Amino acid sequence: MQYTLPLKEKQIQQSKLEAEARKEGHGEECGGDGEAKVIDSKAEMERRKLLASAEADRIRVTAAADAERMQSEGAMLNRTRC
């Protein structure tokens, strides 16, 4: 019995150390997950900004083309009236 008691104590200590290591490892994994979510959120925000910028550019180009078309149509109408 005197030999088994120290062995059991060592097993209990080892189990505690293993549980602590798993707990710390899990904490690091969670921290990594949080960082990944932040990175994904930033990437999504950047993607949305780029899409909004592209849409704004498309609108500007379309508006400029429409304005040019209207000016040329107006000029042709003025020529036909005279």
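**Salt bridges along a single helix**

I would like to start with Arg48, which counts as exposed because its relative accessibility is 55%, above the 50% that marks the exposed class. Please keep in mind throughout that what we are looking at is a predicted model.

Before coming back to that residue, let me give the overall setting. The secondary structure of this chain amounts to one helix and zero strands, and the helix, α1, covers residues 4–81. Of the 82 residues in the chain, buried ones make up 0%. The chain exposes about 7700 Å², and carbon and sulfur atoms supply 59% of that area.

Now to the charged side chains, where the structure holds six salt bridges, and I will go through some of them in turn.

With which residue does the side chain of Arg48 meet in a salt bridge at 3.0 Å, N to O? The partner is Glu44, and since the two are four residues apart in helix α1, about one helical turn separates them. Whereas Arg48 is exposed, Glu44 has a relative accessibility of 29% and therefore counts as partly exposed. This pair also belongs to a wider arrangement, in that Glu44, Arg47 and Arg48 are linked in a network of salt bridges.

Further along the numbering we come to Asp57 and Arg60, whose side chains meet in a salt bridge at 2.5 Å, again taken from N to O. Here the spacing is three residues within helix α1, which likewise means a separation of about one helical turn. As for their surroundings, Asp57 counts as partly exposed at 37% relative accessibility, while Arg60, with a relative accessible area of 53%, is exposed.

The last pair I want to show is Glu73 and Arg69, which form a salt bridge with their closest N and O atoms 3.3 Å apart. These two residues lie four apart in helix α1, so they too are separated by about one helical turn. Are they exposed or partly exposed, given relative accessible areas of 37% for Glu73 and 39% for Arg69? Glu73 counts as partly exposed, and Arg69 is partly exposed as well, because that class lies between the 20% and 50% limits.

To close, then, we have a predicted model of a chain with one helix and zero strands, in which the structure holds six salt bridges and buried residues make up 0% of the chain.

Note on methods:
Residues are numbered from 1 along each chain as its sequence is written. This is a predicted model: local features need pLDDT of at least 70, side-chain atom pairs count only at pLDDT 80 or more; totals for chains, interfaces and linings use all residues. Side-chain values use heavy atoms; hydrogens and water are left out. Buried means under 20% relative accessible area, exposed over 50%, partly exposed in between (1.4 Å probe, protein chains only). Accessible areas come from the Shrake-Rupley method with a 1.4 Å probe; for residues, only the protein chains shown count as cover.
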